[in-house]
Amino acid sequence: MTGGELSLIPEAYFVGLRQTGTMAGARDSLLESRHPVAGSVCFEGLGKTYVSSAGPVTALAEIELEIPAGTIFGIIGRSGAGKSSLLRTINRLEQPSQGRVLVDGQDIGQLDENGLVALRRRIGMIFQHFNLLSAKTVFDNVALPLRVAGVAEARVYQRVHELLELVGLQGKESTYPGRLSGGQKQRVGIARALVHHPEILLCDEATSALDPETTQSILALLRDINRQLGLTVVLITHEMGVIREICDRVLVLEQGRIAESGPVWEVFGDPRHDATRALLRPIEHDLPADLLHRLSSRAPEAGPCQRVLELVYTGRGRIEPDLDRIAGVLGGPVRLLHGGVDRIQGHTHGRMLIATTAQGPTASVLVEQQLCHQAKELGYVADHV
């Protein structure tokens, strides 16, 4: 392998893989199959400041957060929000300027070199641009961390083949990265990250370089790995669709600070911060331009018309859309004009635009009757809409 290829992977990534005097005894048990029950992460007053020619730059400030073991936890924010800086403090690729990071209750800032070796064996990482060595085969790319650690070749062979089967790359052992698709390259990266049976898997924008169909397959693989191996998955992304698809909980970062955090269904259903609402906007059902053009704040003086109502579902309780009951309460037929609802973690959320008779009860009656969480009248349109 060339020096240029190695430079694609952060040097600190290998620090935790190199064999030290304390690793010889642990090496024999390195490949034992297990289902981790650990993998919790806690940030206490975490801050990170970089020094630049223009002065200090605050990347993270006052981060107080717990990531439960075994969950799929998403970190999202706009560019420059501090996502990568936060993720990389978990395996100490970044050293915090203030506060502490606890992994399974242990302050990792107090670890010596041997402790850092042990920590990095417990934390796998996959990267946005795969970071594969082009001169090495699929087998050798996955085997690299094990060989760096001095694992016996027979066990390397066994473990690599197990992982290639897990990620669906059987038969690709002798293939070079240049002949793989983007999704296949990322699967190699995932297999490499799992060689040491980690408790935590960090995903640094793992799907941002992939097309939508491949993204779905990689997310499904990560979900299966989480369920089968019981490990904690922490991923950063700028795509709310990725969070909705796979995560249990989500943290929204804005300018290095926590904007909001909670279960995905709750944050999606009732966003409290402007940053969250901005990130959600691309996947929301906005008012179509043609309907907006026809919408009037007052009922027309001549000709039949209909009221347009917006119904919002935040996921709380057991409230779900029921057009028959809605029509009954409003006292006339109801037509769905636009929108839709999703189910996330068993909770229904989304919004619908409906047309109903111009005269009738106000929209608030639908909230009173627990037919939606929020309701408002948007205006009137001609009856032929």
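In the predicted model, helices α8 and α9 cross in a right-handed sense. The helix α8 spans residues 182–193 and the helix α9 spans residues 212–229; their axes lie 10 Å apart, and the packing angle is about 20°. Angles under 35 degrees count as roughly parallel, and α8 and α9 are therefore described as roughly parallel to each other. On the side of α8, the contact is formed by Gly183, Gln186, Arg187 and Ile190, while α9 contributes Thr214, Ser217, Ile218, Leu221, Leu222 and Ile225. Sorted by class, the residues of this contact comprise five nonpolar, four polar and one charged.

The helix α8 also packs against helix α6, which covers residues 138–148; the two axes come within 8 Å and cross at roughly 30°. The helices α6 and α8 are therefore roughly parallel to each other, and their crossing is right-handed. In this contact, Val138, Asn141, Val142 and Pro145 of α6 meet Val188, Ala191 and Arg192 of α8. Five nonpolar residues, one polar residue and one charged residue make up the contact of α6 with α8.

A further partner of α6 is helix α7, formed by residues 153–166, and here the axes come within 9 Å and cross at roughly 125°. This angle makes α6 oblique to α7. The crossing of α6 and α7 is right-handed. From α6, the residues Val138, Phe139, Val142, Ala143, Leu146 and Arg147 take part; from α7, the participants are Glu153, Val156, Tyr157, Arg159, Val160, His161, Leu163 and Leu164. By class, the contact of α6 with α7 divides into ten nonpolar, one polar and three charged residues. Val138 and Val142 of α6 are listed in the contact with α8 and also in the contact with α7.

The strands are considered next. An open sheet of six strands has the order β6-β7-β8-β3-β9-β10, with mixed pairing. The strands β6 (123–126) and β10 occupy the edges of this sheet; each has a single partner strand, so one side of each is left without a neighbour in the sheet. Neighbouring strands are turned by 15° against each other on average, direction ignored. Helix α5, made of residues 113–122, packs on this sheet and touches β6 and β7 (200–204), and its direction makes about 60° with that of β6. The helix α8 likewise packs on the sheet through contacts with β6 and β7, and the angle between the directions of α8 and β6 is about 165°.

Within the six-stranded sheet, strand β9 (residues 249–254) and strand β10 (residues 257–263) run antiparallel and are joined by six bridges. Valine 250 has glycine 262 in β10 as its bridge partner, and leucine 251 is partnered by serine 261 of β10. The hairpin of β9 and β10 has two residues between the strands, and in this hairpin glutamine 255 adopts a positive phi near 55°.

Side chains of opposite charge can pair when their charged atoms come close. The count of salt bridges in the model comes to 19. One salt bridge joins the side chains of arginine 78 and glutamate 254, with an N to O distance of 2.8 Å. This pair links distant parts of the chain, 176 residues apart: arginine 78 belongs to the loop between β3 (72–77) and α4 (83–89), whereas glutamate 254 lies in strand β9.

Another open sheet contains four strands in the order β12-β13-β11-β14, and its pairing is antiparallel. The edges of this sheet are formed by β12 (335–344) and β14 (374–382); each of these strands has a single partner strand, so one side of each is left without a neighbour in the sheet. From one strand to the next, the twist averages 15°. Nine bridges connect β12 with strand β13 (residues 347–357) in the antiparallel sense. Histidine 338 stands opposite leucine 353 in β13. Helix α14, comprising residues 323–330, packs on the four-stranded sheet and touches β11 (305–314) and β13; the direction of α14 makes about 45° with that of β13.

Notes
Residues numbered from 1 in each chain as written. Predicted model: local features only at pLDDT ≥ 70, side-chain atom pairs only at ≥ 80, totals over all residues. Heavy atoms only, no water. Pairing = 2+ DSSP bridges. Axes fitted to C-alpha atoms, helices over the stretch in contact; angles between N-to-C directions. Contact = heavy atoms within 4.5 Å. Parallel < 35°, antiparallel > 145°, perpendicular 65-115°, else oblique. Left-handed = near helix turned anticlockwise from the far one by under 90°. Nonpolar A, V, L, I, M, F, W, Y, C, P; charged D, E, K, R; others polar. Salt bridge = Lys/Arg side-chain N within 4 Å of Asp/Glu carboxyl O.
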